[in-house]
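Open the model in your viewer and follow the selections below in order. Each stop says what to select and what is found there.

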Amino acid sequence: MARGRTGDVQAVTDGTDPNTAAFVSAYVSGAMAVWREQRNRGEGAVERGGLGSDPRYWFNPATISRNSLVPGSIAVVMTVVGALLTSLVVAREWERGTMEALLSTPITRVELLLTKIIPYFGLGMVSMAICLIISTLVLGVPFRGSLVLLFLATALFLGTALGLGLLLSTAIRSQFNAAQAALNAAFLPVMMLSGFVYEIGSMPRPVQVIASILPGRYFVTILQTLFQSDYAGRLYWLNAMALALIAAIFLTLTAIKTKRTLD
């Protein structure tokens with residue numbers, strides 16, 4: 001700048017806290033304007049070199065909101081298919097009185113759970129394919145990641161959702177109460193605490209701790225990463241391992257809770 005040439009200065013702000021990011025950006029722009037005014041005043045208002053700001057946005061350069069919101073909404077659809085629907089299947093057997101007949105057969109506990117999991121697992125995978133087609137072809141959201149990694153993550157998330165839904169259905173044995181429990185335990189958290197609507201980094205610390213044990217926040221991160229980036233890397237696999245762990249916990253608890261007796 002002193003030699004009459006241009007130079008670059010970078011200021012990187014974290015968009016997870018939008019208020020602070022906006023304040024920092026405004027402060028940097030203001031400091032640049034004040035520096036240019038003082039410099040021109042001292043040199044008789046003779047401009048030597050240029051000074052300006054060129055904001056650039058990472059991960060969503062076009063700043064199109066649907067590129068971030070649509071992948072998050074897919075997680076909501078998967079939650080409805082996985083947790084909300086499966087919360088009714090075992091409870092429906094108890095309410096209709098068909099569980100007694102089912103338990104009188106030589107079917108094992110694992111086979112009983114598989115008959116409830118496999119249909120909704122297939123429905124969930126088909127739902128993901130439909131959501132992907134609608135997102136890319138109808139809504140125009142770019143998908144830059146790997147389809148293999150996408151369906152792998154979907155399978156892991158369906159494991160958590162199906163496990164939670166079956167656990168609630170097995171424990172409560174009432175369709176209405178199981179649906180209400182699934183709504184509060186799965187649907188609302190994925191809406192409010194997954195980073196889909198509200199950024200987790202801007203939440204209070206206790207709420208962030210609660211969000212860290214919810215499978216939806218990991219699935220939303222995976223979806224947004226695969227839609228916006230062609231490189232998954234460490235971010236993908238860390239979230240995928242978290243989903244696998246939560247799925248194993250829910251399915252194990254469901255298997256323990258499922259008994260071959262009527263009590």
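A residue counts as buried when its relative accessible area is under 20%. By that cut-off helix H9 is mostly covered, with 12 of its 14 residues buried. The model is a predicted one.

**Stop 1: H9**

Select residues 215-228, which make up H9. From first C-alpha to last, this helix of 14 residues reaches 20 Å, close to the 20 Å expected at 1.5 Å a residue. Show the side chains of its buried residues: Pro215, Gly216, Arg217, Tyr218, Phe219, Val220, Ile222, Leu223, Thr225, Leu226, Phe227 and Gln228. What do the buried residues of H9 pack against? Their partners are H2, H5, H6, H7 (175-192), H8 (205-211) and H10.

**Stop 2: H6 against H9**

Keep H9 and add H6, residues 147-172. The two axes come within 10 Å and cross at roughly 170°. An angle over 145 degrees counts as roughly antiparallel, so H6 and H9 are roughly antiparallel to each other. Their crossing is left-handed. On the H6 side the contact is made by Leu149, Leu150, Ala153, Thr154, Phe157 and Thr160; on the H9 side, by Pro215, Gly216, Phe219, Ile222, Leu223 and Leu226.

**Stop 3: H10**

Move on to H10, residues 233-257. It has 25 residues and reaches 37 Å between its first and last C-alpha, close to the 36 Å expected at 1.5 Å a residue. Colour its buried residues: Gly233, Tyr236, Asn239, Ala240, Ala242, Leu243, Ile246, Ala247, Phe250 and Thr254. An α-helix has 3.6 residues a turn, so residues three or four places apart point the same way. The buried residues of H10 pack against H5, H6 and H9.

Now centre on asparagine 239 in this helix. Is asparagine 239 buried or exposed? Its relative accessibility is 8%, so asparagine 239 counts as buried. Apart from neighbours within four places in sequence, asparagine 239 is in contact with Tyr218, Thr221 and Ile222.

**Stop 4: H5 against H10**

Add H5, residues 109-138. The axes of H5 and H10 come within 10 Å and cross at roughly 125°, and the two helices are therefore oblique to each other. This crossing is right-handed. Select Arg109, Leu113 and Ile117 in H5 to see them meet Leu251, Thr254, Ala255 and Ile256 in H10.

**Stop 5: H2 and proline 71**

Next select H2, residues 66-86. At 1.5 Å a residue its 21 residues should span 30 Å, and the end C-alpha atoms are 29 Å apart, which agrees. Look along the helix for a kink of about 30°, centred on threonine 79.

Proline 71 is also in H2. Its relative accessibility is 0%, so proline 71 counts as buried. Leaving aside neighbours within four places in sequence, the contacts listed for proline 71 are Arg66, Leu223, Gln224 and Phe227. Draw a C-alpha to C-alpha distance from proline 71 to phenylalanine 196: the two are 125 residues apart in sequence and 8.4 Å apart in space.

**Stop 6: Tryptophan 35**

Finish at H1, residues 18-42, where tryptophan 35 is found. At 38% relative accessibility, tryptophan 35 counts as partly exposed. How far apart are the C-alpha atoms of tryptophan 35 and leucine 85? They are separated by 61 Å, with these positions 50 residues apart along the chain.

Definitions and conventions
Residues numbered from 1 in each chain as written. Predicted model: local features only at pLDDT ≥ 70, side-chain atom pairs only at ≥ 80, totals over all residues. Heavy atoms only, no water. Helix = DSSP H or I, 4+ residues; strand = E, 2+ residues; numbered from the N terminus. Buried < 20%, exposed > 50% of the residue type's maximum accessible area, 1.4 Å probe, protein only. Contact = heavy atoms within 4.5 Å. Expected span 1.5 Å × (residues − 1). Bend = angle between axes of the 7 residues up to and from the residue. Axes fitted to C-alpha atoms, helices over the stretch in contact; angles between N-to-C directions. Parallel < 35°, antiparallel > 145°, perpendicular 65-115°, else oblique. Left-handed = near helix turned anticlockwise from the far one by under 90°.
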